[in-house]
Amino acid sequence: MIMHNCVKTRDRLVDLVFDELGTEARRRALIEIESCPDCLAQYRSMTETLRVFDRAAETAMPDEGYWPGYEARLRERLRGEGPSLKQRLERWIGAFRPLTARPLRLAAGLALVLLAIGWWGWQRRHAVEPPKYAKNKDKAIPTPQPKVESRDKEIVVLPKGLGVPPKKFVVTSSVGRSGGTRRPPEGGTTNTVRRVERGGDIVEKNVVSRGYDQPLIAASLFTPETIRHFEKAQLMLRSFRNASAAKDTAATDLAYEKQLSQRLLYQNILLRRDAEMKGNLPAEEALGSLEPFLLDIANLPDRPSPDELSDIRERLHRKELIASLQISSAMPSTPAYQNP
Amino acid sequence: MTEEHKLIERAQEGDHEAFCSLARSYQRRIYALALHYTRDPHEAEDLSQEVWLKAYKSLGGFRGEAGFYTWLRRITINTFLNHQREMKTMYSSGKKAFRLGELVSLDELGLTPAAARHAPEERLQQQMMVEKVMEGLSGLTAQQRLIFLLKHREGMTYDEIAQACEVSTGTVKKALFRAINRLREYLGVKSDDYAQLCEDKRPAG
């Protein structure tokens, strides 16, 4: 004899109606439902609803005469589309076929050698000083957060787990030294970072920064506008992540983040569409993964409860979005440590 | 190699006709999803064609590891989710009703609903039913609607839907429960009628 529990049974009605139970579980559930008129009524009304829906769905479909027109319109739109990436690549490769003639081959070879020399020279100019951590690179890297320290130190920022070469910045500070600022190594950029220390004194630091391989890759994938957008989004997400509840209430004031998120969302949609039009898949994907977060934050109440925030924060953490944005937005001229 | 694979290969090389033949096999299914998702025939055409354009652009990346329709469905879901985000941004209350008048005026587009094939009385009845179903769907959020369609029309499992829509299986189940109850309310299919029926049938004593 099965002890019937209406609440439990109704909880499983959806599984039953949508066929999510195995054969045996389904058989048992049906036997149990049949023993209770209320549950049976509920089950029948659900299945009847789906039946009516199916009938209506069939009715709402257009007549057969509609489809030739639909196809013609699709064909028209396809004609308006440019060739696919693969086709463009094939055409591009095909353009090199005339190079089979010897003088042309020679010229092309020469051009390649010159290009290689130029590239090597450029790389040399921007060569990386071997970081101090290189000897201990097997040790765990403490944090992906960029930091600026007050004494001469090299700081290495390594976003974790993204399967890309690490981004490196060398930061040198002249604070506390007599004899003026240090001269930056050749090819470096000097940035002055102002920070208010304890006691209200303003401390100026000359910071020499360099971006290497990864930022160059990012620069080639994203437009400067997209990179600026990623920077703004990154700052907003950090602020959102670090926001804590006020002492007197349990709710956190996120009015500013919300407002910013709304603005960023519009920008994000425009940039994503632009990337989509240009067939820039990496940019489209990066913007696409940012968009749900902007939307969720923009739609939060002004003073959301911790429960409302924890879901978004958890997803943010799981996707490591801030670290990804940090990588995407890093360029040689705009190092990430500008916002300590 | 199946006919479909041949068409895919030709379409990958940029053959529009091959792609259109490929689309012909699934266009009704994709359109039906778009129609119930948007509740507007014009918008459904736009959205379903957007799916096809995206599919055409991404066809080079199709390696045949999954079935073509599984791959296409993934594109459909992403397109719908993007559409949902854009709509959410543009309109604060995007409730829309599927009007009888709209069904009648669709002749310009050559879009005559299947209901028009029947006798006037029957046609009116069927159109009213469609209108009710569409109204019922408009009472759901776009996400709930999508989840309902993926489950009921596409037969995807809770886990597959959860993964595709980036939500938990609990959310999927809740959305389905809400969808079916909302439709039941709008269609006037109440459990009480059946309860009464069962009560009457129950032997006395």
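Start where chain B meets chain A: nine salt bridges are counted between the two chains. Keep in mind that this is a predicted model.

Select Lys319(A) and Glu166(B). These two residues form one of the salt bridges. Their closest N and O atoms are 3.4 Å apart.

Now look for other polar links across the boundary. Between chain B and chain A, 16 residue pairs are in polar contact, both residues at pLDDT 80 or more.

Next, colour the helices of chain B. Several of them each supply at least two residues of the side that touches chain A, among them H3 (41-58), H4 (68-90) and H6 (120-138). Further along chain B, H9 (169-187) and H10 (191-201) do so too. Then pick H2(B), residues 16-38. H2(B) gives the largest share of that side, 12 residues.

Colour this side of chain B by residue type. You should find 32 nonpolar, 16 polar and 19 charged residues.

Zoom out and show both partners. Chain B brings 67 residues to the contact, and chain A brings 57 residues. Together they bury about 6,100 Å². Carbon and sulfur atoms account for 61% of that area.

For the last stop, go to helix H7 of chain B and select Gln144(B). Is Gln144(B) buried or exposed? Its relative accessible area is 13%, so Gln144(B) is buried, the cut-off being under 20%.

Show its surroundings. A polar atom of the Gln144(B) side chain lies 3.0 Å from the backbone nitrogen of Thr141(B). Leaving out residues up to four places away in sequence, Gln144(B) touches Ala175(B) and Arg178(B).

Technical notes: Residues are numbered from 1 along each chain as its sequence is written. Chains are lettered from A and ligands numbered from 1 in the order in which they are written. This is a predicted model: local features need pLDDT of at least 70, side-chain atom pairs count only at pLDDT 80 or more; totals for chains, interfaces and linings use all residues. Side-chain values use heavy atoms; hydrogens and water are left out. Contact means heavy atoms within 4.5 Å. Buried area is the accessible area (1.4 Å probe) that two parts lose on being put together, summed over both. A salt bridge is a side-chain nitrogen of Lys or Arg within 4 Å of a carboxyl oxygen of Asp or Glu. A polar contact is a pair of N or O atoms within 3.5 Å; within protein, one must be able to donate a hydrogen and the other to accept it, and residues adjacent in sequence count only if both atoms are side-chain atoms. Helices (H or I, at least four residues) and strands (E, at least two) are DSSP runs, numbered from the N terminus. Ala, Val, Leu, Ile, Met, Phe, Trp, Tyr, Cys and Pro count as nonpolar, Asp, Glu, Lys and Arg as charged, and the others, Gly among them, as polar. Buried means under 20% relative accessible area, exposed over 50%, partly exposed in between (1.4 Å probe, protein chains only).
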